[in-house]
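Colleague: I have a few minutes before my next meeting. Could you put the model up and take me through it?

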Amino acid sequence: MASWDRNTIILLDLVKQPENARCADCGAPDPDWASYKLGVFVCLNCSGTHRDLTDVSRVKSIRLDNWEDDLVEFMRRNGNAVAKAQYEKSVPAFYYRPQQHDCVVLRDQWIRAKYARQEFTGKNGHLQKAYSSGKACEKSTILSNVPACQTYTSKVAKAIISVRNMNAVFQPEKVGHQNGLQITYMTEDRTRNLFVYHENGQEIVNWFNAVRAVRYAYLRKALAPANDSELMPLLTTRSLKEGYMEKTGPMQWEPFKRRWFVLCSVDRKLLYFKTPMDALELGAVFIGTEAHGFSVRETPTRGSRGSRWRYGLTMETPDRNFIFMCEQELEQRDWIKAFQQVIAQPLLPQHYSSKEERREELSFMAWTVHCAQRPFFLFLVEANMKRKKS
Ligand SMILES: [Zn+2]
């Protein structure tokens with residue numbers, strides 16, 4: 001047997017071992033590539049970033065390339081578990097570890113942070129300064145209302161954003177930029193969107209993790225004694241579903257209007273906007289449980305009165321029934337499934353903090369009770385992020 005045949009068999013055997021069976025960087029199953037400088041098995045997507053980091057990493061295909069004996073021996077002695085112990089030794093609890101389907105900038109910067117900048121080996125002190133604890137972040141400043149594509153230079157903060165209801169999530173498609181970030185927060189009683197990007201991937205990912213760092217510091221106090229596994233899902237809230245539907249007014253004879261809907265399962269609310277890039281919500285609906293009178297069902301087409309779209313659904317709440325129309329049947333099914341998922345979730349302590357508030361919560365604007373309370377921290381950041389005009 002030729003040595004490269006034998007070496008391929010050894011590598012294929014190595015990559016089947018549990019610690020190597022997923023990409024070292026994004027967790028994708030069955031990695032096909034390996035870095036023979038770092039000793040890690042990675043997926044095709046992550047191998048692309050490794051290929052750019054020629055100083056620290058060199059990749060080969062496990063199946064297609066020839067492997068010399070000493071490189072195979074190096075892979076055998078190292079592997080994903082050994083590399084993880086070294087390069088992910090001190091990843092802060094709040095730091096986001098990207099998954100297979102996350103956007104490119106998150107995966108790309110995670111790999112650069114780990115191996116090229118060695119931010120998590122425990123030997124590098126700069127990380128704490130970059131993201132800082134909640135205490136330091138209280139002193140930093142965020143600038144919203146930056147004119148589109150202009151760098152902000154003034155020393156005066158244009159907005160003070162409470163950490164309490166703040167959320168940052170990458171939305172490259174919506175923002176129309178590969179580093180597009182959507183920051184959401186409450187202003188008075190309404191949800192406000194801020195769409196920003198930064199040409200530098202490291203900058204925007206640092207901002208994303210800085211938001212997570214202050215959220216983490218805040219929630220540790222606000223939800224004490226919750227542990228990290230309970231807090232982690234609350235640091236970044238992704239919408240369960242977004243998309244256009246048509247809605248009518250409370251009397252249900254008003255003309256149907258097309259609106260952009262966003263369903264958030266963590267805070268159990270359905271927000272609607274005129275367009276995906278709107279700054280301010282037009283309205284919001286709290287979604288309780290079935291025991292509290294919330295349900296969703298398909299609506300017969302003939303009841304839609306003037307809607308251009310055919311596939312309807314009705315969401316029943318204790319105070320009002322909402323009729324939504326979808327353009328496609330598949331969309332209608334997806335929305336019904338998403339609403340059912342939220343309705344089936346048990347109410348959690350963060351949805352109410354006293355019996356009085358729980359009573360309030362059963363009406364639509366219940367979460368504003370919580371938002372009206374004073375936040376622990378004010379989050380102010382200073383940045384030269386560019387704002388996408390919404
Ligand atoms: Zn990967």
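Colleague: Let me begin with the cysteines: how many disulfides does the structure hold?

Modeller: The structure holds zero disulfides, and please keep in mind throughout that this is a predicted model.

Colleague: Which residues coordinate the zinc ion, then?

Modeller: The zinc ion is coordinated by the SG atoms of Cys23, Cys26, Cys43 and Cys46, at 2.3 Å, and along the sequence these donor residues follow the spacing C-x2-C-x16-C-x2-C.

Colleague: And what is the arrangement of the donor atoms, and why?

Modeller: The arrangement is tetrahedral, because the angles subtended by the four donor atoms around the zinc ion run from 106 to 114 degrees, and the criterion asks that all angles lie between 85 and 135 degrees.

Colleague: Is Cys26 buried or exposed?

Modeller: Cys26 is buried, because its relative accessible area is 5% and the cut-off for buried is under 20%. Cys43 and Cys46 are buried as well. Away from the donor residues, Cys264 is another buried cysteine, with a relative accessible area of 11%.

Colleague: Staying with Cys46, which residues of helix α2 are buried along with that cysteine?

Modeller: In α2, which spans residues 44-52, the buried residues are Cys46, Ser47, Thr49 and His50. They lie on the same side of α2, because the arc they cover around the axis is only 160 degrees.

Colleague: What do those buried residues pack against, and which exposed residues sit on the face turned away?

Modeller: The buried residues of α2 pack against three strands, β1 (33-35), β2 (40-42) and β3 (59-61), and against helix α5 (104-116), whereas the face turned away from the buried side carries the exposed residues Leu44 and Asp52.

Colleague: Let me zoom out for a moment. How many helices and strands does the protein have, and what share of its residues count as buried?

Modeller: The secondary structure comes to 13 helices and 16 strands, and 51% of the 390 residues count as buried. The accessible surface is about 19,300 Å², with 50% of that area belonging to carbon and sulfur atoms.

Colleague: What about contacts across the sequence: what percentage join residues at least 24 apart?

Modeller: If you take the contacts between residues at least 6 apart in sequence, 57% of them join residues that are at least 24 apart. As a separate illustration from C-alpha positions, Ala217 and Phe94 are 123 residues apart along the chain, yet their C-alpha atoms are separated by 9.0 Å.

Colleague: Where is Ala217, and is that residue buried or exposed?

Modeller: Ala217 belongs to helix α9, residues 201-222, and counts as buried because its relative accessible area is 17%.

Colleague: And helix α10, which of its residues are buried?

Modeller: In α10, residues 228-235, the buried residues are Leu231, Leu234 and Leu235. These leucines are on the same side of α10, because they cover an arc of only 105 degrees around the axis. The buried residues of α10 pack against strand β5 (167-170) and helix α9.

Colleague: What is the peptide bond from Ala224 to Pro225, cis or trans?

Modeller: The bond from Ala224 to Pro225 is cis, with omega near 5 degrees, and Pro225 lies in the loop between α9 and α10. Most peptide bonds are trans, so a cis bond is worth a second look.

Colleague: Which residues other than glycine have a positive phi?

Modeller: Asp30 is one of them, with phi near 55 degrees, and Glu188 is another, with phi near 50 degrees. Asp30 is in the loop between α1 (3-14) and β1, while Glu188 is in the loop between β6 (181-187) and β7 (190-197).

Colleague: Are those two buried or exposed, and why?

Modeller: Asp30 counts as exposed because its relative accessibility is 63%, and Glu188 counts as exposed because its relative accessibility is 73%.

Colleague: Last one: where is Thr317, and is that residue buried or exposed?

Modeller: Thr317 is in the loop between β13 (311-316) and β14 (321-326), and counts as buried because its relative accessible area is 5%. Measuring from C-alpha to C-alpha in the model, Thr317 is 9.2 Å from Glu290, and the two are 27 residues apart in sequence.

How values were computed:
Residues are numbered from 1 along each chain as its sequence is written. This is a predicted model: local features need pLDDT of at least 70, side-chain atom pairs count only at pLDDT 80 or more; totals for chains, interfaces and linings use all residues. Side-chain values use heavy atoms; hydrogens and water are left out. Helices (H or I, at least four residues) and strands (E, at least two) are DSSP runs, numbered from the N terminus. Buried means under 20% relative accessible area, exposed over 50%, partly exposed in between (1.4 Å probe, protein chains only). Contact means heavy atoms within 4.5 Å. Accessible areas come from the Shrake-Rupley method with a 1.4 Å probe; for residues, only the protein chains shown count as cover. Donors are N, O and S atoms within 2.8 Å of the metal (3.2 Å for Na, K and Ca); water is not among the atoms, so sites may look incomplete. Four donors count as tetrahedral if all angles lie between 85 and 135 degrees; four count as square planar and six as octahedral if opposite donors are over 155 degrees apart and all others between 65 and 115; anything else is irregular. A disulfide is a pair of cysteine sulfur atoms within 2.5 Å. The arc is that of the directions from the helix axis to the C-beta atoms.
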